[in-house]
Amino acid sequence: MEINFVKSLIQDNAETEWIEYKENWYDPEQLGEYISALSNGAAIKGQPFGYFVWGVQDKTRNFVGTSFDWKIDYKKEPLENYLARGLNPSLNFKFERVLIEGKTIVVLSIPKAEKYPTSFAGQRYIRIDSSKTNLRDYPHRESALWQLLTEGRPSLANTIADNQELTFEGLWMFYASKGVSLNKDTFKKNLNFLNKAGRYNKMAELLSDQNHIPFRVSVFAGKSKTDPMYSVKEYGNKCLLISLSEILSYFDAINIPQADERNRKVERKEVPLFDSDALREAVVNAILHNLWIDENAPMVTVFSDRIEILSHGGIPFGQTKLGFLSGESVPVNKELSDIFLQLHISEKTGRGVPRIVKAFGENAFEFNENSINVTIKFRKIQSSELAFPSSNGGINGGINGGIKIGLSKTQIDILKEMRNDPNTTVPKLAIKLDISERTIERWISFLMKNKCIERVGSRKDGYWKIQSSEVAFPTSNDGINVGINVGINGGIKTGLSKTQIDILKEIRNDSKITTSKLMEKLSLGETTIESNISLLKKNKCLKRIGSKKYGFWKITK
């Protein structure tokens with residue numbers, strides 16, 4: 001047995017259903033019971049082996065060494081023979097001795113139960129957390145263990161879908177967009193959508209139009225979930241492939257390049273807010289390793305300094321932390337992984353996790369018993385922040401960058417199209433956004449006048465360039481959109497009340513909003529709204545452009 005494997009095993013795992021630590025403990029009869037419990041526990045947890053380790057302090061997991069020797073007799077026969085004779089079915093367990101840090105460590109490797117629960121002296125045992133107990137005292141766990149051993153571990157393929165009336169229009173459209181054809185007569189079988197009885201499984205439900213699992217991106221103002229939440233964007237309740245595509249498009253839209261003027265000599269350098277390749281790998285990896293049969297999607301959270309992607313289920317069964325970080329591929333959802341490979345969404349090279357580790361280090365991953373959380377940090381060039389109120393009404397940090405110019409939803413849509421296609425034309429924009437060419441031209445003129453965009457080259461052969469240091473991208477759904485505002489100069493520095501901040505957020509979402517609409521949205525009286533607007537104008541945070549009837553609001557700080 002390799003020393004590094006033993007070190008990794010002990011460092012990564014506290015005592016649990018499939019691992020037990022002792023120093024010099026010895027009781028042959030109880031050891032037989034432990035073998036039964038650890039074998040059954042390994043089966044329940046999806047581990048190929050259970051382990052009983054001597055020479056390790058159970059609470060600290062420090063190597064203390066042991067004097068235990070398994071090469072002794074018990075009841076006039078070798079201990080190994082006594083243990084083997086009491087086990088049913090028989091197990092090929094193995095004792096091994098290793099020397100770690102000058103200390104003797106003894107490891108007993110115990111194969112997981114196969115087909116039948118493992119018993120010793122006619123009794124079956126399991127572990128409840130770190131305690132050994134008789135399996136018959138827990139009939140629910142006994143039933144679950146029997147089901148696991150006879151039918152296999154619950155998976156997308158062998159778990160029946162709740163809904164058997166499924167359609168797949170979204171799936172067909174997604175495949176067509178990738179240039180891959182599906183055969184209407186065979187796709188359900190080829191994509192493993194049916195169980196042995198011919199009924200739809202969870203895999204089919206997940207990729208159907210009737211997928212009912214929410215998949216959300218939550219955006220917070222500051223660096224923790226105790227800070228104000230700006231938005232919750234819903235991408236679930238549809239074919240999972242479409243959800244993935246929309247989430248990646250969202251992050252592509254907010255990954256605005258920042259102008260890096262540091263050490264500038266000739267041309268300025270544009271640095272994106274975050275590593276888009278690492279982010280994509282993290283999202284795809286979370287989807288492939290998520291425990292979907294529990295009907296929980298990965299959790300995607302955007303903070304002012306990072307993005308976190310949490311997948312449910314922990315390290316894949318049969319894999320170590322070291323193996324995970326080095327890129328060893330152990331698919332949790334094999335059938336889903338096969339589809340991702342077919343569509344070239346993922347690859348089988350094992351480069352995904354190492355790519356994230358290379359960009360952010362191993363500490364980017366946080367491993368818990370039932371989840372894995374990966375952190376993608378923002379690469380900030382400027383430190384200015386848009387401040388938002390704390391509970392006492394003051395300024396409590398904020399998101400990256402400030403507001404220099406408030407834009408309407410249509411203006412934002414034009415900018416997004418220009419980001420996706422710098423060579424786009426007015427007619428194309430009119431068709432995509434379903435508005436007139438005259439309106440497009442008017443808003444382009446406004447954006448150029450306010451230095452949000454510039455035309456590089458001629459009208460025929462040139463292209464659009466977004467002035468990233470000038471543009472904030474609010475949307476009607478996002479409130480203040482974290483990430484997009486990075487690199488914007490200024491920021492609101494005046495201490496504002498919660499009501500004033502709420503008014504500013506509503507004005508950012510709709511620059512033509514009226515007092516009556518603000519009253520309705522914020523559940524405040526007319527006098528309160530008007531007095532706070534007056535204070536915002538007095539503090540030069542807000543300006544009215546044009547008449548009361550036809551004008552609009554402009555946030556000036």
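**Figure 1. Surroundings of Asn-290.** Asn-290 touches Asn-296, Ala-297, Pro-298, Ser-311, His-312, Val-332 and Asn-333, leaving out residues up to four places away in sequence; contact means heavy atoms within 4.5 Å. The model is predicted, and local features need pLDDT of at least 70, side-chain atom pairs count only at pLDDT 80 or more, and totals for chains, interfaces and linings use all residues. Residues are numbered from 1 along each chain as its sequence is written, and side-chain values use heavy atoms, with hydrogens and water left out. Asn-290 lies in the loop between α9 and β15 (299–302). Helices (H or I, at least four residues) and strands (E, at least two) are DSSP runs, numbered from the N terminus. With a relative accessibility of 0%, Asn-290 counts as buried. Buried means under 20% relative accessible area, exposed over 50%, and partly exposed in between (1.4 Å probe, protein chains only).

**Figure 2. Packing of helix α9 (residues 276–289) against helix α12 (residues 352–360).** The axes of α9 and α12 are 9 Å apart and form an angle of about 135 degrees. That makes α9 oblique to α12. Axes are lines fitted to C-alpha atoms, for helices over the stretch in contact, and angles run from 0 to 180 degrees between N-to-C directions. Angles under 35 degrees count as roughly parallel, over 145 as roughly antiparallel, 65 to 115 as roughly perpendicular and the rest as oblique. The crossing of α9 and α12 is left-handed. A crossing is left-handed if the near helix is turned anticlockwise from the far one by less than a right angle, and right-handed if clockwise. From α9, Asp-277, Ala-278, Glu-281, Ala-282 and Asn-285 meet Gly-352, Val-353, Arg-355, Ile-356 and Phe-360 of α12. The residues of this contact of α9 with α12 comprise five nonpolar, two polar and three charged. Ala, Val, Leu, Ile, Met, Phe, Trp, Tyr, Cys and Pro count as nonpolar, Asp, Glu, Lys and Arg as charged, and the others, Gly among them, as polar.

**Figure 3. Helix α2 (residues 28–44) and its end.** The 17 residues of α2 should span 24 Å at 1.5 Å a residue, and the end C-alpha atoms are 24 Å apart, which agrees. The expected span of a helix is 1.5 Å times one less than its number of residues. Of the 17 residues of α2, 14 are buried, so α2 is largely enclosed by the rest of the structure. Gly-46 follows α2 and has a positive phi, near 75 degrees.

**Figure 4. Packing of α2 against helix α4 (residues 139–151).** An angle of about 65 degrees separates the directions of α2 and α4, whose axes are 10 Å apart. That makes α2 roughly perpendicular to α4. α2 and α4 cross in a left-handed sense. Asn-40, Ala-43 and Ile-44 of α2 meet Leu-145, Leu-148 and Leu-149 of α4. By class, the contact of α2 with α4 has five nonpolar residues, one polar and no charged.

**Figure 5. Packing of helix α17 (residues 515–522) against helix α18 (residues 526–538).** α17 and α18 pack at about 110 degrees, with axes 9 Å apart. The two helices, α17 and α18, are therefore roughly perpendicular to each other. Their crossing, α17 past α18, is right-handed. Thr-515, Leu-518, Met-519 and Leu-522 of α17 make the contact with Glu-526, Ile-529, Glu-530 and Ile-533 of α18. The contact of α17 with α18 is made up of five nonpolar, one polar and two charged residues.

**Figure 6. Surroundings of Lys-22 in strand β1 (residues 19–22).** Neighbours within four places in sequence aside, Lys-22 is in contact with Tyr-34, Phe-52, Val-53, Trp-54, Gly-55 and Val-56. Lys-22 and Phe-52 are 30 residues apart in sequence, and their C-alpha atoms are 7.8 Å apart in space.

**Figure 7. Surroundings of Asn-255, in the loop between α8 (240–254) and β13 (257–260).** Asn-255 counts as buried at 9% relative accessibility. Not counting residues up to four places away in sequence, Asn-255 touches Pro-272, Leu-273, Phe-274, Ser-276 and Arg-419.

**Figure 8. Surroundings of Pro-78 in strand β4 (residues 77–78).** Pro-78 is partly exposed, with a relative accessible area of 36%. Pro-78 touches Ile-72 and Asp-73, not counting residues up to four places away in sequence.
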